[in-house]
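Visitor: I'd like to see how the labels on this model are earned. Could you take me through it?

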Amino acid sequence: MTTSTEAKRDTRFFGHPIGLANLFGVEMWERFSYYGMLGILPIYLYYSVAEGGLAMPEATATSIVGAYGGLVYLSTIVGAWVADRLLGSERTLFYSAVLIMIGHISLAFLPGFLGIGVGLVCVAIGSGGLKGNATAVVGTLYGEKDERRDAGFTIFYMGVNLGGFVGPLLTGLAQSEVGFHLGFGLAAIGMAIGLTQYTVFRRNLPDTAREVPNPLPAQRRPAVGGVLLVLVAVIVAAVLSGIVTAANLSDVVVWIVGIASVVYFAVILTSSKITAIERRRVLSFIPMFIASAAFFALYQQQFTVVAVYSDQRLDRDLFGWEMPVSWVQSINPVFILLLAPVMAALWIKLGSRQPSTPIKFALGTSVMGVAFLLFLFFAGGAGNSTPLLALVGILLVFTVAELMLSPVGLSLSTKLAPDAFRTQMVALNFLSVSLGTALSGSLAEYYGTDHEASYFGIVGGVAVVIGVVLALISPFVRKLMSGVR
């Protein structure tokens, strides 16, 4: 076992602690499996049985994908609670990885709707648990004043994008050449490699990664277990009674996350534990929460509307060979790898002259809306007529918008958080992502190739307006932020 002090002196991985190599690897393989599966999931749901799919209506398929993505981000809050109160980050990460692998195996081997049900639930809960805790464990590798910390996180996030790039390429190729279940099988193999590597090298992680910061008292555990059983029973009853269906699943998740967000804000704002300045800062987060949700409602349509568009409207011919639909999902990670260092360098160069956080949120949301408006140039075309290069350009705009808003959100939530509610404010940031992702499925229900102009025009236009409104009220928002930039 290594301690955090020893890890600080450890330079065995390109000048960084050797534990970073393990976390880089497990995150890369988890993202390989996650994005690889997600790249072929929408078309698996709505392709005909003859094509190897489940023949769902397109609207139902995109609803499931949107709800699934929303539940992944909602699960990050559950994963954080389990780590803080029960298992610690390192063990929560391990068991989450096991659950993800079970989910991918279920998708690969269980037939039809049974595989989808078991597989997506396991992957959603597991990915949520792994996502936040892998980041937390990276933080334990470095001392508080270790100057390598930021560089270490940069290396770690390169693993995220590397996995996100390669996953859709390989699973998509397997799906197009052999079939969907081989594609899902490759995702399972990728996660198995990541889990095996992580298990072998767990000993290289510091003891602080295994600590439970706020252990749940033993006498309270039966009550928590009872609440969990009641919650499961309610979900099962809602599904069996027809209240929750595949077709309305994303709408249900939107309502659940929306209500949870309102409750979170209300609890924090009405608490006697926060000061007047802290209350103003929480209030300042509300318009940026809305902008973040709007941004992700469009950005996450890469896996709903853009997936359908790539299948039905995109010319995927490459010198006589038809590119798999899922390969489109590998474009964004390439742009992130290329542009993230450029954007980071730009903010550093601008220093105090860089845009304030509300303006960055406004720009990110508006630019995301502009990306959707760019689809209008190709609206009304027949069949697969949109040039591949055109979609590459649109996804470049997606990435620029993402880099203006997404990296800022988590940092902002920690800076605006009251001392008594630091975890809850981070949860609120994840809830904005969850809400937007679920909305991406709900909005996709209104998309169709026969009326794509009105869809892209309205959705893109609304996002631009939200961004403009946030920019106009940014002086008021900055005043509420009370010194936080």
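Guide: Sure, and keep in mind that this is a predicted model. Let's start with Ser-474: setting aside neighbours within four places in sequence, it touches Pro-358 and Ile-359. Ser-474 sits in helix H16, residues 452-480.

Visitor: Why is Ser-474 called buried?

Guide: The relative accessible area of Ser-474 is 7%. Buried means under 20%, so Ser-474 gets the label buried.

Visitor: And what makes Leu-23 buried?

Guide: Here the relative accessible area is 0%, which is under the 20% cut-off, so Leu-23 is buried. Leu-23 belongs to helix H2. Beyond its sequence neighbours within four places, its contacts include Leu-93, Val-137, Phe-156 and Tyr-198. Ala-134 is 111 residues away along the chain, yet its C-alpha atom lies 6.8 Å from that of Leu-23.

Visitor: What makes the empty space here a cavity rather than a pocket?

Guide: A cavity is a set of points where a 1.4 Å probe fits but cannot get out, whereas a pocket is open. One cavity of 30 Å³ or more is counted, and the largest cavity holds about 60 Å³.

Visitor: Which helix gives the largest share of its lining?

Guide: That's H3, with four residues. H2 (18-46), H3 (58-87) and H15 (422-444) each supply at least two.

Visitor: How many charged residues are in that lining?

Guide: None: the lining has five nonpolar and six polar residues. Tyr-34 and Gly-66 are among the lining residues; Tyr counts as nonpolar and Gly as polar.

Definitions and conventions
Residues numbered from 1 in each chain as written. Predicted model: local features only at pLDDT ≥ 70, side-chain atom pairs only at ≥ 80, totals over all residues. Heavy atoms only, no water. 1 Å grid on protein atoms, 1.4 Å probe; cavity = no way out; pocket = protein on both sides within 12 Å on 5 of 7 lines; lining within 4 Å. Points joined across faces, edges and corners; volume = space filled by probe spheres on them. Buried < 20%, exposed > 50% of the residue type's maximum accessible area, 1.4 Å probe, protein only. Contact = heavy atoms within 4.5 Å.
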